[in-house]
Structure formats: structure tokens, C-alpha cells
Number of protein chains: 6
Amino acid sequence: MYMYYAVRVNGLSCKDPAAVVSDDFFFAGADKLRDTTSERYGYSALTVQIPGLNTQGQRYARVDLAPGAIFPPHYHPRAAETALVLEGSVYFGFVSSYPDNKLFAKVLSKGDVFAVPQGLMHFLYNNGTAPAALYASLSSQNPGLVLLADALFAGALPDDLLAKTLLTDKHTVDSIRANFRPS
Amino acid sequence: MYMYYAVRVNGLSCKDPAAVVSDDFFFAGADKLRDTTSERYGYSALTVQIPGLNTQGQRYARVDLAPGAIFPPHYHPRAAETALVLEGSVYFGFVSSYPDNKLFAKVLSKGDVFAVPQGLMHFLYNNGTAPAALYASLSSQNPGLVLLADALFAGALPDDLLAKTLLTDKHTVDSIRANFRPS
Amino acid sequence: MYMYYAVRVNGLSCKDPAAVVSDDFFFAGADKLRDTTSERYGYSALTVQIPGLNTQGQRYARVDLAPGAIFPPHYHPRAAETALVLEGSVYFGFVSSYPDNKLFAKVLSKGDVFAVPQGLMHFLYNNGTAPAALYASLSSQNPGLVLLADALFAGALPDDLLAKTLLTDKHTVDSIRANFRPS
Amino acid sequence: MYMYYAVRVNGLSCKDPAAVVSDDFFFAGADKLRDTTSERYGYSALTVQIPGLNTQGQRYARVDLAPGAIFPPHYHPRAAETALVLEGSVYFGFVSSYPDNKLFAKVLSKGDVFAVPQGLMHFLYNNGTAPAALYASLSSQNPGLVLLADALFAGALPDDLLAKTLLTDKHTVDSIRANFRPS
Amino acid sequence: MYMYYAVRVNGLSCKDPAAVVSDDFFFAGADKLRDTTSERYGYSALTVQIPGLNTQGQRYARVDLAPGAIFPPHYHPRAAETALVLEGSVYFGFVSSYPDNKLFAKVLSKGDVFAVPQGLMHFLYNNGTAPAALYASLSSQNPGLVLLADALFAGALPDDLLAKTLLTDKHTVDSIRANFRPS
Amino acid sequence: MYMYYAVRVNGLSCKDPAAVVSDDFFFAGADKLRDTTSERYGYSALTVQIPGLNTQGQRYARVDLAPGAIFPPHYHPRAAETALVLEGSVYFGFVSSYPDNKLFAKVLSKGDVFAVPQGLMHFLYNNGTAPAALYASLSSQNPGLVLLADALFAGALPDDLLAKTLLTDKHTVDSIRANFRPS
């Protein structure tokens, strides 16, 4: 274990090897149901915080979805993802790249695993009546996250660019955008 | 140059080194204005085809945009991009990742260069009155391309998932979707 | 998805992209208790078989341990590992490299996660009274597996080399070795 | 965008993400003819300075060549290169590795693109009557540059080593060397 | 050479390029016989210390073995290894991964070279009557080292885990362990 | 060990794992003095041929130099190099990149090690009266080799380009070139 006083790797400071303890490789609570009622889309993502994973090229998260909730279409700019269903039922899919835009999706139950290639857009949809939860593995320490709807509507893209993008009119764009911008 | 009969790297067959010629490293025509009038968004992307670039980790393209045309918000799952404006004027930008969704953009003129970090959503908009053209460099032999609007509306995502994603109703989703699906 | 007829990557043949289906990214049954009674050490490792993971740099497995069973000290020559406890209780640890040989270990319960840096020796021990199970994520498509006891005793290492290695005599070596070699 | 106060990556300090602006991804002037009359070989190379390219694995430059000027045989120790002709006409080539030493070269005009595999010796020669300019893309943030004539004659290589290298006598070596060393 | 005041790469501080000297790329004494009589296993490993190798992905060492001495079974978590015999005779081998545990080994003489794939367990045994020495090349700046016997017996692994691992009883484990722990 | 019938990696066919033998990881004779009297520059380079090194990212060679012989200035487009002197005395150096062209060099004796960063031009000169030999380690399976004098004079570079490059006249170029081209 290469750790030095005052050395920082990936923006994280490294501990003196003599001070490293077992808890630096440990995280508890990935089985705990999380309240998602206050979340915009009804999902919650909890990153597994393990200092000892620094430089090991991996990241993990628990994702909870209330009944009817979605983790809306998104992608990770620097990672592939694979997820295991821990509880409930979830419709999980990804769309292949241009020009095919082909949907690859399955309704998953507990114990099912689904994989998403590097960088492709994917989503989760809890179309059941019970809470659902997944354990996601990402192939990068710094996968990044882009929510497509936010990227399009929450930022400062010009209205006319968005209207052209969606092959629609500014009125429709504005009606959607209103929900992405706090008044 | 490591090339063998009957060996394929990245899906491309390798030539006998004795048969390799200068034209295997050459491409002509990246300065030619291309007709974009028949394109859906008014843009055209021409990949620079150079067999000798196999395994060198790069890809290049010329992009043309008619006046008023856009290269709609998109990303490359496996590459960063930098582009040089060859002709005209273009509004070029990208949006940072969740939760910031911050727009970084500039109106570019001939001779300007703009860079997009790996995997982030970016767009081009020719808001001038003359055709615009760019020369794009991508940091992967196989960058991939995802158009956000197509990924959301052209594939088989369920309507209710899309409505939830856009924080809107199915009627609005259907009105947009109609333009992305051939009748 | 870059897949071609007759192209093989990592020894796996690639499907025609038009023939790829959702099931190529899917695996079922990672929640199923597996019978480990017939196994030498009382553990069972089930690789998550997902063809679409080819080239994505990841591998996953479910590991079952009967009460009292161990997954004996081992390492993966080409991967770091992180595991989530799905059921039961397990003592999970790794030993740092020479000359420290320091033990980092925890008794884990359901929902706990533990990480092992690339290539270090680690082990599992179900010291509870109920079956235990984990979901392991490895940071390589081809992590490899070396069981230390097998590497030392099951192969053809000379007896005197082993005696010197263990700072003991050939008699002790032979007494251990007898259990690793079918008569 | 992973940027932290006081963190340095590749020797560059990272900005606070909140302080990053569009100009950090922008460079102007790659279309401007540059005066090369005071240059030893009659060429000028202008690096495209874009702070936001840090960690993205790319570098770009504009190269100007007066009529009759050369960018003498050189290589980049850590990059492949591809260049687009922006103006004029240029003879562009590279030589394959030992023992073939085969020349791959073309006379290029505006809009032509030529590629050089990683690390191979290449050159530019403006054999026209008008200024020529290229836009070069390199597949590394830190490609490096070695001019072969300088590496041989401008440094402190022993004369007899050089004479043996060139299969000639010290007198000839000295006559060439005189031009590479300020008196 | 990218070196900056106050920049640290891989935990090593980089020199000002103007202060770098030839000795930063030099190491003397890899031909010197080393006394190994005080060593536990009778071997000695001397790392070739060359500051200028930082970031070049290599490490080198001279290994001496007294007659009858061993470099006990070990592996490098992050490197492949190749070694050249400088003096004497040595039995050099590695064991393939689970479940084959196949021994690949040769008795080597001066001038012989043997290679070990990334991460596999290997050993040296001087079964001659004269001192032996090797020059080892490792494919990582930070290969790491794990001695299997130490990893099993020198750390704090529970006795019952070890007994189960070796398919033996605690008494045998304790008899071996006594030699690995200072009293 | 991932080896398959009919699979080729890096242009080499992989053996059936069951057919792999110890000799696939072995090479003999790196200590043998080689006759260099018939060589143009008086040096000889013998690649260490080890099939089992495929995919391990390393290459090795023995280099012999007659008294007064040189391995003329050259570089490896895809590797760093480190070499150990096995016999004799040799002046070993490299030149840093443009614009410094600074010489880093040492007279080495048996047991000395010298390192060359990735891609930089380096040379060997046996300025002693006895044969010299080195064992070179390269950080790539396919390092490549470019001899600067050959790259400049043995190929089809135009004479006037060479004259401009060397800041001399065509007559001097032709006098050198004559020695690089068989009549």
C-alpha cells in the first residue's frame, strides 16, 4: 500500500501506512432501506465510501427507488456499470449509440444482474408496488454522472437550440423547462 | 509498423507491411463544403478515413453546419473532443456533470479552438448567416456517438418513463416523440 | 457496441450487432443459496456470466460459505476486489505486502462492504452458524485466482524447497501435502 | 470536472471548479498567418494553450512554413500525430523503422490530412511559392519533440562517435556541426 | 523530461530539469557479490535505485543466493518479471493459477533467462555449491512483493483459519508458526 | 494463463494451455560473446525470444560491441530502456528533447546500470580495448527501433530537404549518403 504523509493522489490525501486501519477498507449499511420521499425523482443513490479504494479503479453505490420512482436516463462519462437487484422489481435498460438507438432492457427481480457498456445512456424504473434497491458497481474511481433531462433543461442552453434539438417549438420547451428551474 | 497478413486488430485487417503505401496514411477533401440541406438537423459529419490510424488512438472528422443548423446536444462515450473552426461562426458549448449542469460555451470564429472533456454533453449551433465548418479531433479510435434527443425519443423508452423523466405529461412526450418516429 | 462477425476479442467471438439481445447483458440467480456440502473448503463461487461485459474490465461472482467454511487465503493476479455481504456473517480480511504482513480484517454482516487492493492475499471465514453469501466485484475481465495452499502444496514444488520455505522439516511438509494430492 | 484547490495534476495546478470559466476551454488565433522570417528553418509552431485539456490526452498546434521552409525531420517520443493542411502546399512524410527506412510521403494541399504513427520520424517541406500552414493533433498531453539534426549536432556527442555514426570523417562532422553551435 | 520544482509524482519529488545530471540515470554495483549469511532464507535482493526511472514503468533488482538458499515462493501484485542468471546455477519456476497449479520450472545457468507472467507465484532455489546471482526486471515502478509463507504465518491470521486452509490441525500450524514469530 | 487454440494476440498465435511447457518461458545464451566483425557498426543485438512474454509488456536483448564499435544514436518509439553492463566498458548516453539537446552520459563498467526515458535518442560506444556486452530491458513488447543516421540517409528523403535539415549543402549530403546506399 503506497501511502505517504502529505502526498495526494486523485485529490485525496494518503495516510501514513502505519496509521491505516481495517476501517479504511470498510463500509456499513448498504442493506438499509433509504427514505426517498423527498427526492425529485423518488430515487436515492448512496456512494459506498471506502478510502482504501483510492487508485483501485472502482466505485460502488446503493440505489433505492420508491414504487413508481425512476432513476431517469443518465450516463457515466468514464465508466461501465453493472448492478445487482437487492430488493423489489425494477425495469432496467440502456439505449445503444447513434444511429441505432436500440433499447436493451429487462424487468429484473432480486438476484438479477444487468450490465451497461461504458458511457451508454441507461435508466431504472420501479414499476412495482414495493420499494426496490440495487447495488451498482462502476469501473472507475471517478465515473461522473450526467442526467440527460437536467443536461438539456436545467442548464443555460438557449431555448431555440433546445426547440431545434427536440424538433418542436419554444412553447413546448418552455413548458418543460419550467419544471427544471426554481422560480 | 506491426502489420501481418490475416491479423485483425480492432476489427480491421492488417496489411502486409510490404504492401503498405503512402495513401494508407492520407485523406483528401477535409476543406470541401458539404451539402447539408437534406439532413434532419442541417449538419453533416464526415469521418476522416485513414487506415494507418488503426491502433493510434485518434479519430478526426469535418463537420458542416448550414446557417441556423445545429449539431444537437450529444456526447462521445469513449473520447474527449477538441475542434477548430474552419469557416463561419458557431456557438459551441458543453454542460458539466450533475448536479452543476453548468454551461461552458463561446461563439467561435474561424481559427478558434474549443475543447470538451471526456464524455460530456456538447453541441454546435450555427447562428450566423453563412455556412460553418469545423475540424474535430477525438481522443479515441472508437469514440462512439449518442444524440441525447434520439436516445430519449427515437428508441423504445416507455412513454410514462419519459414523462416522469421530463417532469411533464404523456401528451407532451407524445407530441415530441411523433417527430422522432417515421409514420 | 463494436461487435463484428468473425472478430474475436479476449478469446471471445463477437456477435453481429444486429443479433445482440437484452439477455446478452443479463444474469439471473445471484440471490440463490447454493449447496456447498460437497466442496473441499465448503465454499462455492459462481461467476456472473454476461457476454456483453466483454472488454468492459469487470467481473462479478456470488460466493456461498457454509457455517464454518472458508474461502482460503488467495489472490487475484490482475484485479482489486470489493464484496458486499448478502446474507449471514463473515470474517473477511487481507494481509499487506512484505515485510509488514499486517492483517486488515473485519467481521462483516449483511449490507457491509469490504475492499481488497489489487493483488493482495485475502480470505473469507464464515464463523457464524448460518450460511453466508457475498457478491464480489473484480476490476478485471480476467482477474485470475491463486489459492496459496494449492500453489504451495498441490503442484510439483520440491519437498526440500517447501520445507525451507516454511522453516520446517520435510516430514511436516509431507504430512500437509498428503491432503492436497489424490492418492 | 475534477479540480481542487492546491491539487496539481501533470504539474498543472487545478482550479476550483466554481471558478472555471468558458475561456479555460478556448483558444483563439489558430488561423493567423505567423511571421517565420526570423526562424532558423523558416517554420513556426504555435501550441494551442487550453488549460481545460489537462488530463484529456491531447495536444494541438498550428505550424507555419514560409516558401522553401522545412520543419526538419523530428519525432514525438510519446505521441502519434495527424495534421490538416490549412493553407498552401506541403510535402509531408515519415520514414518507417529500422531496417526498412521506407519513406511514406505525399504532396498535400489545403484540406488534405496525413497521419504519422506513434514515435516515427517525420518532416514537412513547403516546396511551393506561398506560405503553408497546418493544424496538428497529437495523441498525448506531453508529446515531446526531438529534432534529429539537433539531437545529433547541437548537443555534446563526441566527434568520433558522430563520424562513425554517419560513416564519414571528423572533418565532415565538424563542417556540419559548426552551423549548429553558436560561435 | 517533465520535472518541476515542488511537484511530486508517485510520491517522489521531481527535480528542476536544469538540475538533473547523468547520475540521476545511473546505478553502480549490480555485479557485486553480496553477503547473504545473515539473511533468514539466505537470499538478498538489492533494488537498482535510479531516480530518472520515475514514471517509466520499470524496476530492476540484483538477487544473490547462497548455496542451498532459496527466494521462497512469492509474487508481485502489480508486475510481470523476467530474470537473467549472472552467476551460478538456480532452479527457477512458477506455478500457474487455480485449478491447474502446474509447475513451470528450469534449472538455469549463467546467461539463461526465465519469464514469469504478471502476478503468478514464483521461486528461486540455488541447488548448486557456488553462490548464484540474477538480474531481475519488473514491469512496474511499484511491483510490490508478497512472500506466501509470511503472508500465511507471519501475520495475525487466526489459527483455525490456517488449519482449515492447510487441511491440517492447529498443532501443525502452531509448529510452523513458531518459526515465523519472534519470541 | 489465457491461451486459446487459433487465437492470436499481438500477431502471435496462442498455444493450448495444456500444451504449454517450461521452455515457453525460457531462453539460453544471453552470456555468449557474439561475433560482430561482419556488422556495419560493429555491434550486434540479440533479442531474447520467449513466447510466454506475449502480452506481458516487456522485451529483452543482449548487445555486443567490438572494441571501437558503436550502437549509433537511435530510439525506441514505444519504450523506455534500461541496460546492465555484462562485460567490458561502454560510453552510454542519451540526449534530452528539443530545445535543450542536453547530453546525459556515463562511461559504464561491468555491473553498472543506465536508464533512458521513453523515446529519447541514445547511443553506446565501446571506447575500450576489449569487447563489451549489455543486457537491455525495454518497457514494451513491441518497442520498435529507429537509427537516426539510417532514417535520414538510407531512405528516400529528398537531397535538398536533407541539406536544409543539416544546414549544409547537397554536396556534403551526397558524400554522406553514398555510404548509406549500396551501389
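Colleague: What makes the charged end of D:Lys106 count as sitting over the ring of B:Phe26?

Modeller: The charged end of D:Lys106 is 4.4 Å from the centre of that ring. A charge sits over a ring if NZ of Lys or CZ of Arg is within 6 Å of the ring centre and within 35 degrees of the ring normal, so the distance of 4.4 Å satisfies the first condition. B:Lys106 likewise lies over the face of D:Phe26, at 4.4 Å from the ring centre.

Colleague: What kind of model is this, and how are its parts labelled?

Modeller: This is a predicted model, in which local features need pLDDT of at least 70 and side-chain atom pairs count only at pLDDT 80 or more, while totals for chains, interfaces and linings use all residues. Residues are numbered from 1 along each chain as its sequence is written, chains are lettered from A and ligands numbered from 1 in the order in which they are written, and side-chain values use heavy atoms, with hydrogens and water left out.

Colleague: Why is the contact of C:Asp150 and C:Arg40 called a salt bridge?

Modeller: The term requires a side-chain nitrogen of Lys or Arg within 4 Å of a carboxyl oxygen of Asp or Glu. For C:Asp150 and C:Arg40 the N to O distance is 2.9 Å, so the pair qualifies. C:Asp150 lies in helix α1 (residues 148–153) of chain C and C:Arg40 in the loop between β3 (26–27) and β4 (43–47), so the bridge ties together parts 110 residues apart in sequence. Helices (H or I, at least four residues) and strands (E, at least two) are DSSP runs, numbered from the N terminus. The whole structure holds 36 salt bridges over all chains.

Colleague: How do you know whether C:Asp150 and C:Arg40 are buried or exposed?

Modeller: Buried means under 20% relative accessible area, exposed over 50%, and partly exposed in between (1.4 Å probe, protein chains only). C:Asp150, at 3%, is therefore buried, whereas C:Arg40, at 43%, is partly exposed.

Colleague: How are D:Lys32 and D:Asp31 classified?

Modeller: D:Lys32 and D:Asp31 form a salt bridge, with the closest N and O atoms 3.0 Å apart. D:Lys32 has a relative accessible area of 48% and is partly exposed; D:Asp31, at 21%, is also partly exposed.

Colleague: Why is the pair of D:Tyr43 and D:Phe71 given its particular class?

Modeller: Rings of Phe, Tyr and Trp (its six-membered ring) pair if their centres lie within 6.5 Å; planes under 30 degrees apart count as stacked, over 60 as edge-to-face and the rest as tilted. Across all chains there are 60 aromatic pairs. The centres of D:Tyr43 and D:Phe71 are 3.8 Å apart and their planes lie at 20°, so this pair is stacked. D:Tyr43 belongs to strand β4 (residues 43–47) and D:Phe71 to strand β6 (residues 70–75) of chain D, 28 residues apart. Both D:Tyr43 and D:Phe71 are buried.

Colleague: What makes the pair of E:Phe92 and E:Phe114 tilted?

Modeller: The centres of E:Phe92 and E:Phe114 are 5.1 Å apart, with 50° between the planes. E:Phe92 lies in strand β8 (residues 90–95) and E:Phe114 in strand β10 (residues 113–116) of chain E, so the pair ties together parts 22 residues apart in sequence. Both E:Phe92 and E:Phe114 are buried.

Colleague: How do you know that strands β8 and β11 of chain D pair?

Modeller: Two strands pair if DSSP finds at least two bridges between them. Strands β8 (residues 90–95) and β11 (residues 121–125) of chain D pair in the antiparallel sense over five bridges, so the condition is met.
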